[in-house]
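Visitor: I'd like a close look at a single part of this model, please. Could you pick one strand, walk me around it, and then set it in its wider surroundings?

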Amino acid sequence: MASSTSTLKLNLHLQQPNNRNPSSAQYSNLSWRRTLAISSLLCSTPSLITSKGDGKDRNLVVKCNAAATTAAVNLAPGTPVRPTSILVVGATGTLGRQIVRRALDEGYDVRCLVRPRPAPADFLRDWGATVVNADLSRPETIPATLVGIHTVIDCATGRPEEPIKTVDWEGKVALIQCAKAMGVQKYVFFSIHNCDKHPEVPLMEIKYCTEKFLNDSGLNHITIRLCGFMQGLIGQYAVPILEEKSVWGTDAPTRIAYMDTQDIARLTFIALRNENINRKLLTFAGPRAWTTQEVITLCERLAGQDANVTTVPVSILRFTRQLTRLFEWTSDVADRLAFSEVLSSDIVFSVPMTETYSLLGVDSKDVVSLEKYLQDYFTNILKKLKDLKAQSKQTDIFF
Amino acid sequence: MSGASAALIPATTTVRFSKKLEYHHPKWLSKVNDYSVSYHRIYCSSSIPSPPTSSSPNSGKDPKKNPTKKKKKDDPKETSVDSASQMVQQKEEDQELELASSVSVMKRLDEVNPVGLGRRSRQIFDEVWRKFSGLGQISRTTRSDDETDILIRDGGPMCEFAIPGAQNTVVLVVGATSRVGRIVVRKLMLRGYSVKALVRKADEGIVDLLPTSVEIVIGDVGDPETLKDAVEGCNKIIYCATARSTITGDLFRVDHMGVYNITKAFQDYNNKLAQLRAGKSSKSKLLIAKFKTEDSLHGWEVRQGTYFQDVVAAKYDGGMDAKFEFTESGEAVFSGFVFTRGGYVDLTKKLSLPLGSTLDRYEGLVFSLGGNGRSYVVILEAGPTGDMTQSKMYFSRISTKAGFCRVRVPFSSFRPVKPDDPPLDPFLVHTLTIRFEPRRQRSFEGVNGPNQDLRSFQLILEYVKALPTGQETDFILVSCTGSGIEPSRRDQVLKAKKAGEDSLRRSGLGYTIIRPGPLVEEPGGQRALIFDQGNRISQGISCADVADICVKALHDSTARNKSFDVCYEYVAEPGKELYELVAHLPDKANNYLTPALSVLEKNT
């Protein structure tokens, strides 16, 4: 029964942010940092998140009060949690759905935390996962979803259209605290590569702070930093090229080592089962780093048609960002455009993977390259289009 | 719909349309009624889709109004037309010939429609903005649902699990809520199969356990009546049910009769389908000979012979003798002795197959016989029936066990007697011979012990049937090796499981029998697996790996008609090394099953 009271206490803590005055969360250049300070309400003691230092120093010290509730863990002597029961947060996303598929195929019992919405994510249930409704931005809905869960895999990121901090920071903090309090035995967190180097990008800084928060929480965890998803390129370049619509690209020199989400899912589960990787930080990168222009050229070659490319100079993106930051009502937009700051720097989003491969015992040949991935995609789609055309011709026949 | 009718039907309907528009846009109409009626026509048909509530009653009335052109003048009065629509009507009657000129006017007007323009410009702006802001983002994709369909559900490029042919395959999973079955169902769903699940009760808890688009059939393997619905429409069956207790009754019901009932139901269904096509089921066996009555022995003749002529030795030999008779106990017995060195006795018959069936549609023979542990040679003579001199002989050796057993002899195991002859063509087979020879007989541990005379024999024949051919397995049975069961009940469990396996082998269905070591509930794909035959394995195996083998075996031709043990890799104790063991690391990318199974023996 002690465990239930601890959960209750946790609930009370978690509900506090809902009571705070929303007007205090004003958006400005520093707004999200201020938001972090506000979210200290979330924790019971005020010293949990304090600002210290200034300028380029990391001015956030994140601590987790969940450590104080360690005593509450393991109180329930009941049924032991099966190591195959996992909870996937963000299961409907690009990475999340691959994680779910992989987990199901490897024999895990998968529970998916999905936001309640009118059109439920039926495909998850169709694959054999259990879907539970909860919303990270409403922390009181979280604890029930964690009952009987051995491992939490967190691949959630807020949608572009919603304020970045609700899910990505407050929600995650609540989730981590809750997982700690309820004795979840492992927490896998997906972060962004180089997130510690770009505090000016809100999402990256949030991810970095979450990494630290997780680290300090005392939970047994694995942090995996990712560079870019190949799947994202489909909607961005491949589909517009096939539909002969205009493709938008930047002239940024930034290179990103895109990786297939299926490979990410595969490596994640290998890492998850490896006890030596606990509390480590892994970075997954694809075999080669690509610039936008290179990707577009590759798509053009594979599709066999020229793309109608609209190149937007990075300077314009940056300018737009500066402009949108001036107004409160466009600050969300500014947050979203923040990545342009990173784009303008000549950075390669990639890491050598040899060490990771040997740590996981994976053959580098098994990781899909972008050429192979896109080639498969285009062959499949072009074949499908051909079939469709053939079918439509057949239907012209009347009897 | 409304557009078409408006363009085709003159006067009355047009008026009605304009009234409606006037209801929605009175200001527009009053300004516009100077222009021709045709403006309204096109306005109705193209630019603003009128709300369904207004258009549907109208289209319903159209046909009634059309033929009654006389009513045209009454119509406006009835429906209290105001000045605007009256004017419209008059104009329409006057200017019917000037339609063409007015079309251009209204087209231009249509383009100026501010609502449409605004909407379109906003769409364009949104699109541009979306793409623009997308550039500044860390790759985040919001995918619409239709795209999801293309990429994932329909075996698109993101569907790494999709298997060609899976979409047209319906798999019945028996025991879908068991430890293995649950994972099997999920794996099948991920690969795009249509799945039916046989459950005893459709409780809420059970239904929640299964994916939503699994078809749930309520039935009990112990009750044959309930299985008819379950097997309907199925192409393949995976049986992972097992008795919940080790009580003999339960074991008999689920592990033995359960398999029997479902194979029978499945074969019945196949036969029913075949009858609809006015043919024979391609999955049923062909009866070649059945020894139930005395008459059935007709046509079989006993012959003697020797491989070589040794005149001197023959004088001292005891000779040989054999007879084929129907005993009083109702058994057809082929018995005798061969004391001659190099001698043999044959039981032979010219085959007469039912009309329309040829052996090339079958892949082997199954004998049901009591051979008392002796080994026999099955000889097939093949060649054109018109010219017996061209016949070629093919042989295959079978061994029997004490008591009755079924021996499956695939045609592929027959080798030509003369090494130069071409391989056996089952189509040409015309004579079947069962031969006993004292060579290479091995004494077995039986009642008589080692003191048997290996030169005498007694073979009880029950039937000879031809096995239907097929590329893939039809029925996958998850059995067990017996390790990990409490010792006191192990024999009973194994007996029931074995009986179940046997009934499956007898059914004629292509089968795969998987005997896993003790099941462990942990994720699969972690450790190398050992595939073996002969009940020697000692390790456990994860449920997920067993499920993976089941799913992989569905379309693997090497898995057809095989039984094998499988467990985690282990290092054998010194002195007990098993050289046949082949370990394979299961992974989704590689197909470990084919190489693992190809070295194992068939028809076991």
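Guide: Happy to; what follows goes from one strand in chain A outward to the cores and to chain B. Please keep in mind that this is a predicted model.

Let's settle on strand E4 of chain A, residues 109-114. How many of its residues are buried? The count is 6 of 6, so the strand is mostly covered, given that a residue is called buried when 20 or more other C-beta atoms lie within 10 Å of its own. Follow the side chains along E4(A) and you will find two sets: A:Asp109, A:Arg111 and A:Leu113 point one way, while A:Val110, A:Cys112 and A:Val114 point the other way. Both sets are buried, and that includes A:Asp109 and A:Arg111.

Now for the strands beside it. Strand E3 of chain A, residues 85-89, runs parallel to E4(A), and 5 bridges join the two. To find your place in this pairing, start at A:Ser85, whose bridge partner in E4(A) is A:Asp109. The connection is worth tracing too: E3(A), helix H3 (residues 94-105) of chain A and E4(A) together form a right-handed β-α-β unit. E4(A) is also joined to strand E5 of chain A, residues 130-133, by 4 bridges, and these two strands are parallel as well. Here a handy marker is A:Arg111, which stands opposite A:Thr130 in E5(A).

Stepping back, we come to the nonpolar cores. The largest one has 168 residues, and those with the most contacts inside it include A:Val88, A:Val100, B:Val173 and B:Cys550. Helix H5 of chain A, residues 164-181, supplies the largest share of this core, with 10 residues. Over in chain B, B:Cys550 touches B:Val184, B:Ile238, B:Ile476, B:Val478 and B:Ile514, once neighbours within four places in sequence are left aside. Another core, of 34 residues, lies apart from the largest one; B:Phe291, B:Leu359, B:Phe414 and B:Val429 are among its members.

As for chain B as a whole, it has 18 helices and 23 strands, and 36% of its 604 residues are buried. Of its contacts between residues at least 6 apart in sequence, 73% join residues at least 24 apart.

One caution before you zoom in elsewhere on chain A. Its average pLDDT is 74, and 71% of the residues score at least 70. Residues 1-75 of chain A have a pLDDT below 50, although this stretch has 104 contacts in the model beyond near neighbours in sequence. Where pLDDT is low, the predicted coordinates should not be read in detail.

Key
Residues numbered from 1 in each chain as written. Chains lettered and ligands numbered in written order. Predicted model: local features only at pLDDT ≥ 70, side-chain atom pairs only at ≥ 80, totals over all residues. Buried ≥ 20, exposed ≤ 12 C-beta atoms within 10 Å, placed from the backbone. Contact = placed C-beta atoms within 7 Å. pLDDT = per-residue confidence, 0-100. Pairing = 2+ DSSP bridges. Right-handed = clockwise from strand over helix to strand, strands pointing away. Core = buried A, V, L, I, M, F, W, Y, C linked by C-beta atoms within 7 Å.
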